[in-house]
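Open the model in your viewer and keep the sequence panel beside it. This tour goes stop by stop, telling you what to select and what to look for.

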Amino acid sequence: MKKLLSVLLAAALCLTAAACGAPAASSSQPSFQEESSQSDSPSSGSETLQQGAPIRVAALKGPTAMGMVKMMSDSEAGQTQSPYEFTIYGTADELNPKLISGEIDVAALPCNVASVLFNKTQGGVKLAAINTLGVLYIVETGDTIHSVEDLRGKTIYSTGKGTTPEYALNYVLSQNSIDPAADVTIDYKSESTEVAAILSETENAIAMLPQPYVTTVAMKNDKLRVALDMTEEWRKAAGEGGSGLVTGVLVVRSAFLDDPANKAAFDQFLADYKASAQYVASNTDEAAPLVAAYDIVPEAVAKEALPLCNITYIDGQEMKDRAGGYLQVLFEQNPQSVGGALPDDSFYYIP
């Protein structure tokens, strides 16, 4: 059972944890094959529009890439104004050096990683949009957790020590007057497969997992129930007008935008990306086969997980407010989680 579950998890998503800023060991750079044309496409029926050098786009295997699958398909069919060249990576550690060196123009990656890169490169990247809100969920194999208060005195298994999952859990607990160090036991594991194995073998086990791992595990463990949505719990903890949980964002190299032609092409890219994200969020049955075609997660997992991945597209002032508030929370817990300092206004690309 444990071995089968580990294989399925690895096949379904080798790095959802990376979408939350956690380390992982493998990567995927699939060779994208042209899809047959899809109905209800934002560009369906258009003649070939592409011209010029392609914008080189990278994403992490998991929710940060899911919102792109429609524009991937459209680009391959020649139905976008500019050509786009997509690559999916297993970890941010693989992607980041290529973005810094200029081998990649645009990247979808964790919000705090974007801030770290901005500080590391002294303004070398800009944040253009939020693409994924929270993907973390508290799950259990019993029926004891119905509020954050119910976590008091419990053991919680999770991944992501020193990364976004830890900061999110600590924030929600602390805002509910639960001391993460004294009032609960948080047992961090190196891989989500370890947490999944515990859930399959332990009565009344409690864990925090990201989507689409939650869906993958639930398909093999009928005792699993989703107890708390951490995105919603963060919202309640922050209160009206407070910060929100932000997982994935889209960044662009500042040097890439220095060329006016590139800036115009990037603005069109944002329009295409917005249409793609909205399509994926609103058309689960049509988007799931594309998610599978690009080897992100299997179609069956995508159908169940997509509505729970909080895929979105937020830009402009709202993007700045949401991302800035989220980074402030992380900075207060650990300044190094955002690169040692909060980014200034130049971090945010608002056309």
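Which residues in α4 are buried? Val-69, Lys-70, Met-71, Met-72, Ser-73, Asp-74 and Ser-75 are. Buried means under 20% relative accessible area, exposed means over 50%, and partly exposed lies in between (1.4 Å probe, protein chains only).

Before moving on, note the ground rules. This is a predicted model, where local features need pLDDT of at least 70 and side-chain atom pairs count only at pLDDT 80 or more, while totals for chains, interfaces and linings use all residues. Residues are numbered from 1 along each chain as its sequence is written, and side-chain values use heavy atoms, with hydrogens and water left out. Helices (H or I, at least four residues) and strands (E, at least two) are DSSP runs, numbered from the N terminus.

**Stop 1: helix α4**

Select residues 69–76. Seven of the eight residues here are buried, so α4 is largely enclosed by the rest of the structure. Now show the surroundings. The buried residues of α4 pack against α3 (63–66), β2, α12 and α13 (284–293). Contact means heavy atoms within 4.5 Å. Step just past the helix to Gly-78, which has a positive phi of about 75°.

**Stop 2: the sheet**

Colour the strands in the order β2-β1-β3-β10-β4-β11. They form an open sheet of six strands with mixed pairing. Two strands pair if DSSP finds at least two bridges between them. At the edges are β2 (84–89) and β11 (311–314), each pairing on one side only. From one strand to the next, the twist averages 30°. Axes are lines fitted to C-alpha atoms, for helices over the stretch in contact, and angles run from 0 to 180 degrees between N-to-C directions.

Select β1 (residues 55–60) and β3 (residues 106–110). This pair runs parallel over three bridges. Look for Val-57, which stands opposite Val-106 in β3.

Next, take β4 and β11. These two run antiparallel, joined by two bridges. Ile-130 has Ile-314 of β11 as its bridge partner. Show the side chains of β11. Ile-311 and Tyr-313 point one way, Thr-312 and Ile-314 the other way, and all are buried.

**Stop 3: Ile-55**

Go back to β1 and pick Ile-55, which lies in that strand. Ile-55 is buried, with a relative accessible area of 3%. Leaving out residues up to four places away in sequence, Ile-55 touches nine you can highlight in turn: Pro-83, Tyr-84, Glu-85, Asp-105, Val-106, Phe-256, Ala-265, Phe-266 and Phe-269. Draw a C-alpha distance from Ile-55 to Ser-82: they are 27 residues apart along the chain and separated by 7.6 Å.

**Stop 4: helices on the sheet**

Add helix α5 (residues 92–101). α5 packs on the sheet and touches β1, β2, β3, β4 (125–132) and β10 (248–253). Its direction makes about 145° with that of β3. Then add α6, which lies across β3, β4 and β10 and runs at about 120° to β3.

**Stop 5: α6 against α15**

Keep α6 (residues 111–120) and show α15 (residues 316–333). They pack at an angle of about 85°, with their axes 10 Å apart. The two are therefore roughly perpendicular, a label for angles of 65 to 115 degrees. At the contact, Cys-111, Asn-112 and Ser-115 in α6 meet Ala-323, Tyr-326, Leu-327 and Leu-330 in α15.

Click on Cys-111: it is buried, at 1% relative accessible area. Cys-309 is buried too, at 0%. How many disulfides are there? The count is zero, taking a disulfide as a pair of cysteine sulfur atoms within 2.5 Å.

**Stop 6: backbone oddities**

Most residues other than glycine have a negative phi, and most peptide bonds are trans. Select Ser-177, in the loop between α7 (164–175) and β7 (185–188). Its phi is positive, about 60°, although Ser-177 is not a glycine. Ser-177 is exposed, at 58% relative accessible area.

Asp-295 also has a positive phi of about 60°. Find Asp-295 in the loop between α13 and α14 (299–305). Asp-295 is partly exposed, at 37%.

Finish at Pro-212, in the loop between β8 (206–210) and α9 (213–220). The peptide bond from Gln-211 to Pro-212 is cis, with omega near 5°.

Methods: Parallel < 35°, antiparallel > 145°, perpendicular 65-115°, else oblique.
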